[in-house]
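The following exercises concern secondary structure and burial in one chain of a complex. Each task is followed by a solution in steps.

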Amino acid sequence: MSQAPKVNSSSVEAAKTGKAGVRYRQEALDAFYDGFRAAGINFAAYLPDSMLDGVEQLMLERGGIECYQCSREDEGIAMAMGAFLVGKRPVALMEGSGIGMSGLILARGIVQKTPTLLMIGHNSTFGERYDYHGATRLVAEPVLRALDIPYHVLFDPADIRKVIVEAQATIEGQRIPVGILVPSHVIRESGEGR
Amino acid sequence: MNRTDLLQYISTLRNGDPMIISPGLANYPIAQAKDEPLTIYNMDMPYTTPMALGMALGWPERKVIAIEGDGSLLAGPGVLSTVARYRPKNLLIFVCDNGAYLTTGSGKAPTATVFGTDIEQLARAAGMENCLTVSELNAAKQAVDVAFTEPGPWLLVAKVDKQDWPLERGAHTLPMYVYEAGLIFHRAALQARSVKENP
């Protein structure tokens, strides 16, 4: 079976400190990983982004979750849904702009009863510093609302694990996609990377 | 080459393997040949190959088949780079290239393959190795045989004509609604895996 390439610890450290000046909150990264494991997540499709890269690198480092990098977010969601259909518990990770590109595949997943967990960086809540994320923050939550996809905006890192577990329970019980949105302050050290 | 002949041949080799079919007339000959529970009909384009890729990675013990059209694949060709990155040996991508958006009604709207876009070369440029274009049915059958027996991932481009469309178009129905497809497929996959893993 094809496996995602392993990354060495130096690359993980680079992701934590970030060549772009990003420093992640280690306790938040740990909580995401622990939450995924507690929820039974065993398949991840992701397009690297500046918000969730630390989570993705940690999953690659620690293992236990098959990780696959895609070329577009809607492609990653379709991959995750395909994995669900064959018995995996998937998550698709992306920044909010990816949800903007994914209306059709999310709708297909709803109609076809083929869900996935969605982990989404950047959103419409407070804290977005960059003007060039203006379009990104306009599309994520409105698309989720338009499709009636339940979502939760994390605000306290202490909630990460519980929210992931409950989101996955909703996915399996209701067979609908569920989104978890991750603001900057939840996953990055305050004042870093801004 | 007649597309229906090729699809019926693929159906004879399928042996119940998971399959996703892009939107259009390709769905009906496959359903008529033999309906299988591990089938997703009429996938919205361009998600046939991406969803099949997720299946192939998530279930490496089974062959997974994507039935693509030229228009469908060209709507999201980036997935070929992801296929090349992970190289699932169990993924088979069959592209019926008729050079047209046939389901539009007139069938007169051409795809880019009419103007020189080469899907096989696109896949090779993305990093895939097992790629082939065939124009005759016998050659296509031989290529399909190889794809079903040799490790993939495979991408086979079959240059098909449009003569099947007047015959196929009509009041055909598929054996399941999209609304129930995910439930049927998921249940069948879990059952198959349970039998395999807990005989």
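**Exercise 1.** Determine which residue follows helix α1(B) and what the sign of its phi is.

Solution. The residue after α1(B) is B:Asn15. In this predicted model, the phi of B:Asn15 is positive, near 60°.

**Exercise 2.** Compare the span of α1(B) with the expected value, then locate its buried residues.

Solution. Step one: helix α1 of chain B covers residues 3-14, that is, 12 residues. The expected span counts 1.5 Å times one less than the number of residues, so 16 Å is expected for α1(B). The end C-alpha atoms lie 16 Å apart, in agreement with that value.

Step two: the buried residues of α1(B) include B:Leu6, B:Leu7, B:Ile10 and B:Arg14. Viewed down the helix axis, the buried residues of α1(B) occupy an arc within 160°, and therefore line one face. As a general rule, residues three or four places apart point the same way because an α-helix has 3.6 residues a turn.

**Exercise 3.** Explain why strand β4(B) is largely enclosed, and identify its pairing partners.

Solution. Step one: seven of the seven residues of β4(B), residues 91-97, are buried, so the rest of the structure largely encloses this strand. On one side lie B:Leu91, B:Ile93, B:Val95 and B:Asp97, and on the other B:Leu92, B:Phe94 and B:Cys96; both faces are covered.

Step two: β4(B) pairs in the parallel sense with strand β3 (residues 64-69) of chain B over six bridges, where B:Glu68 stands opposite B:Val95. Strand β6 (residues 154-159) of chain B also runs parallel to β4(B), joined by six bridges, and B:Trp154 in β6(B) stands opposite B:Leu92.

Technical notes
Residues numbered from 1 in each chain as written. Chains lettered and ligands numbered in written order. Predicted model: local features only at pLDDT ≥ 70, side-chain atom pairs only at ≥ 80, totals over all residues. Buried ≥ 20, exposed ≤ 12 C-beta atoms within 10 Å, placed from the backbone. Helix = DSSP H or I, 4+ residues; strand = E, 2+ residues; numbered from the N terminus. Pairing = 2+ DSSP bridges. Arc of directions from axis to C-beta.
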